[in-house]
Amino acid sequence: MESNKERGEVRIHENLDELSTDLADYVAELSEASVKERGVFAIALSGGSLISLMRNLCGAPYNKTVDWSKWYIFWADERVVAKNHVDSNYKLAKDHLLSKLPIVPSHVHSINDSLTAEEAANEYEFVIRQLVRTRVINVSDISDCPKFDLILLGMGPDGHVASLFPNHAVLEEKNEWVTFITTSPKPPPERITFTLPVINSAANVVVVVTGSGKAEAARLAIDDVGPECEVLPARMIEPVVGKLVWFLDNHAGSKLKSFSQFS
């Protein structure tokens, strides 16, 4: 398991089962450390295949060993649709993960799906600000940003993470914690998303990437590609004091310079 200091630690797995096993183990470790240190574990999820890859957390030994009552759940991005809509990240997480775990319902913080994208983003930021005040969510040592214990992200073939898309104005946002977009290049168009300063203030960021369709984006996000290449949003994930770990399957990792070490 190679560690590349600049772009975080890179873990390449033989297959999805191995990746799921390692991911559950890693998340459970972070949860234990955070509960020991702070008494809570504030975790932000994204959507996509990432959620099904967390499935091992629902089974032994984690269903017994993890202190689920200390988990507080957030979303790093969400589609502005009804909670029971097929595109909802909340629905995806609820169906495949949260409904199978003994998480306290009031600890699950999803967006208000009856608001516009802008209102939903503002309200979500307000909720997070309240929880930073009471230290349910930690505060960054170097800025006023929230310091989530873990932000879990996927990555698209275009290199987007959360709802931060290439060449989008949202990448420039420095002041808001949660912002909104109404022009997502990928449907549905209206979304809320954590901004880069919030993601980069987390104690831990995990990016999960699978499939050969994402191999080129993974190369551009992780490898030293030179200044002439376009800087993908995934490459802008650089936790200031936190730890970044990439979880890849061997298809997604196949174009990395270091890939031959693994295979």
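**Sheet.** I looked up the open sheet of three strands in this predicted model; its order is E5-E10-E9 and the pairing is antiparallel. Strand E5 (77–79) and strand E9 (178–181) stand at the edges with a single partner strand each, so one side of each has no neighbour in the sheet. I noted the turn between neighbouring strands: 20° on average, direction ignored. E5 is joined to strand E10 (residues 191–194) by three bridges, and the two run antiparallel. I took one bridge by name: Asp77 has Thr193 as its partner in E10.

**Helix over the sheet.** I then checked what lies across E9 and E10, and found helix H4 (residues 117–133). H4 runs at about 165° to E9.

**Backbone exceptions.** I keep in mind that most residues other than glycine have a negative phi, and that most peptide bonds are trans. I listed two cis bonds here. The bond from Ala60 to Pro61 is cis with omega near -5°, and Pro61 sits in the loop between strand E3 (41–45) and helix H2 (62–65). The bond from Pro187 to Pro188 is also cis, with omega near -10°; Pro188 belongs to the loop between E9 and E10.

I also looked at positive phi values outside glycine. Arg135 has phi near 65° and lies in the loop between H4 and strand E6 (138–139). Ala162 has phi of about 50° and lies in the loop between strand E8 (150–154) and E9. Which of these is buried? I read 5% relative accessibility for Ala162, which counts as buried. Arg135 has a relative accessible area of 43%, so I entered it as partly exposed.

**Helix H6.** I asked how many of the eight residues of H6 (residues 215–222) are buried. Six are, so the helix is largely enclosed by the rest of the structure. The buried ones are Ala215, Ala217, Ala218, Leu220, Ala221 and Ile222.

**Pocket.** I noted a volume of about 250 Å³ for the largest pocket. It is lined by 19 residues, and Gly47, Gly48, Gly154, His160 and Lys186 are the closest to its centre. By class, I have six nonpolar, eight polar and five charged residues in this lining.

**Cavity.** I found one cavity of 30 Å³ or more. The largest cavity holds about 40 Å³ of space. Its lining consists of Glu78, Arg79, Val81, Lys83, Ser88, Tyr90, Ser110, Ile111 and Asp113. I divided these residues into three nonpolar, two polar and four charged.

Key. Residues numbered from 1 in each chain as written. Predicted model: local features only at pLDDT ≥ 70, side-chain atom pairs only at ≥ 80, totals over all residues. Heavy atoms only, no water. 1 Å grid on protein atoms, 1.4 Å probe; cavity = no way out; pocket = protein on both sides within 12 Å on 5 of 7 lines; lining within 4 Å. Points joined across faces, edges and corners; volume = space filled by probe spheres on them. Nonpolar A, V, L, I, M, F, W, Y, C, P; charged D, E, K, R; others polar. Buried < 20%, exposed > 50% of the residue type's maximum accessible area, 1.4 Å probe, protein only. Helix = DSSP H or I, 4+ residues; strand = E, 2+ residues; numbered from the N terminus. Pairing = 2+ DSSP bridges. Axes fitted to C-alpha atoms, helices over the stretch in contact; angles between N-to-C directions. Contact = heavy atoms within 4.5 Å.
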